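Let's take a walk through this protein together, one region at a time. Keep the model open beside you and turn it as you read.

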Amino acid sequence: MFKRLLGQPKQETNALATLDKLNETLEMLEKKEKVLLKKATAEVERAKEFTRAKNKRAAIQCLKRKRLYEQQVEQLGNFQLRIHDQMILLEGAKATTETVDALRTGAAAMKAMQKATNIDDVDKTMDEINEQTENMKMIQEALSTPIGAAADFDEDELEAELEELEGAELEEQLLQPATTAPSAPIHLPAGRQQMRPAAQHSRTEEDELAALQAEMAL
């Protein structure tokens, strides 16, 4: 994997260098094409001059050279077309190579991670985590238990003790003497309640006066 990773920059450099070389060649062909077009145009002008001078043979020679220049221009156009095709193919191959290298690198990295992460190790790790979690729960429950509190109680013994208490309470209620119910209070009108203390006070004075007269008569 490391050899492929180290070789990838070299391949990319070669592809870029080839593209640069093709661009330089394409520019050279375009410049040469322009020169040939100028020469062909010049031969046409010379042919016109020879035609005006009634020099038919010289005019035909100019047109022949013009045709040769045009053939070269057409050939250069084919060369440029081939170079454009080559550049397109090379750029596509470069993109394909980079994509394949990226996918290969990702697959290798994933394989390495899967190799480092074994399923047995994952199961073992999960068992350890569950064990530690249970231990922590037990520790928290132990810490939350009040100090001095009994851990377990017998439910049957508690029920029997409760029945004894209820029986003793019932027996104590039966042994208590019966008491008469208090008479219901008599509610008098407000006017009578205000006059009753004064009447009682007047009756008491009359009794005391009669008792005093009886003693004096003796």
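Of the chain's 218 residues, 11% count as buried. Keep in mind as you look around that this is a predicted model. The chain is built from 5 helices and has 0 strands, so in this case, reading from the N terminus, the order of elements is α-α-α-α-α.

A good place to begin is helix H1, which covers residues 2-52. Glu33 is one of the residues in this helix, and it deserves a pause. Glu33 is buried, yet it has no salt bridge. Which side chain of opposite charge is nearest to Glu33? The answer is Lys34, but Lys34 is 8.4 Å away. A salt bridge needs a side-chain nitrogen of Lys or Arg within 4 Å of a carboxyl oxygen of Asp or Glu. What Glu33 does have is a polar contact: its side chain meets the side chain of Gln80 at 2.7 Å.

Glu30 also has its place in helix H1. Glu30 has a relative accessibility of 35%, so it counts as partly exposed. If you follow the chain from Glu30 to Val73, you pass along 43 residues, but in space the C-alpha atoms of these two are separated by 9.4 Å.

Further along helix H1 you come to Lys48. With 42% relative accessibility, Lys48 is partly exposed as well. Lys48 and Ala59 lie 11 residues apart in sequence, and their C-alpha atoms are 7.0 Å apart in space.

Between H1 and H2 runs a loop, and Lys54 lies in it. Lys54 is a residue other than glycine with a positive phi, near 65 degrees. Is Lys54 buried or exposed? It counts as exposed, because its relative accessibility is 75%.

Now to the charged pairs. Side chains of opposite charge can pair when their charged atoms come close. The structure holds 5 salt bridges, and three examples are worth visiting in turn.

Go back to helix H1 for one of them. Here the side chains of Arg46 and Glu43 meet in a salt bridge, with a distance of 3.6 Å from N to O. Both residues lie in helix H1, 3 residues apart, which is about one turn of the helix. The two partners can be told apart by their surroundings: Arg46 is partly exposed, with a relative accessible area of 38%, while Glu43 counts as buried at 6% relative accessibility.

Helix H2, spanning residues 56-116, offers another pair. Glu70 forms a salt bridge with Lys66, and their closest N and O atoms are 3.0 Å apart. Both lie in helix H2, 4 residues apart, again about one turn of the helix. Glu70 counts as partly exposed, at 35% relative accessibility. What about Lys66, buried or exposed? Lys66 is buried, since its relative accessible area is 14%.

Stay in helix H2 for Asp101 and Arg104, whose side chains meet in a salt bridge of 2.7 Å, N to O. Because Asp101 and Arg104 are 3 residues apart in helix H2, about one helical turn separates them. Asp101 is buried, with 14% relative accessibility, and Arg104 is partly exposed, with a relative accessible area of 34%. Salt bridges can also be linked through shared partners, and in this way Glu43, Arg46 and Arg65 are joined into one network.

Our last stop is a stretch of negative charge. Which residues form the negative surface patch? They are Asp154, Glu155, Asp156, Glu157, Glu159, Glu161, Glu163, Glu164 and Glu166. Take Glu163 from this group: it lies in helix H4, which covers residues 155-175. Glu163 is exposed, with a relative accessible area of 54%. A residue joins such a patch if it has over 30% relative accessible area and no salt bridge, so Glu163, as a patch member at 54%, is above that cut-off.

As you turn the model once more, try setting two glutamates side by side. Glu33 in helix H1 is buried and has no salt bridge, whereas Glu163 in helix H4 is exposed and is part of the negative surface patch.

Technical notes: Residues numbered from 1 in each chain as written. Predicted model: local features only at pLDDT ≥ 70, side-chain atom pairs only at ≥ 80, totals over all residues. Heavy atoms only, no water. Patch = residues over 30% accessible without salt bridge, like charges linked within 9 Å, V, L, I, M, F, W, Y side chains within 5 Å. Areas by Shrake-Rupley, 256 points an atom, 1.4 Å probe, with all protein chains shown as cover. Lys, Arg positive; Asp, Glu negative; His and termini not counted. Charge placed at Lys NZ, Arg CZ, Asp CG, Glu CD. Helix = DSSP H or I, 4+ residues; strand = E, 2+ residues; numbered from the N terminus. Buried < 20%, exposed > 50% of the residue type's maximum accessible area, 1.4 Å probe, protein only. Polar contact = N/O pair within 3.5 Å; in protein donor to acceptor, adjacent residues only side chain to side chain.
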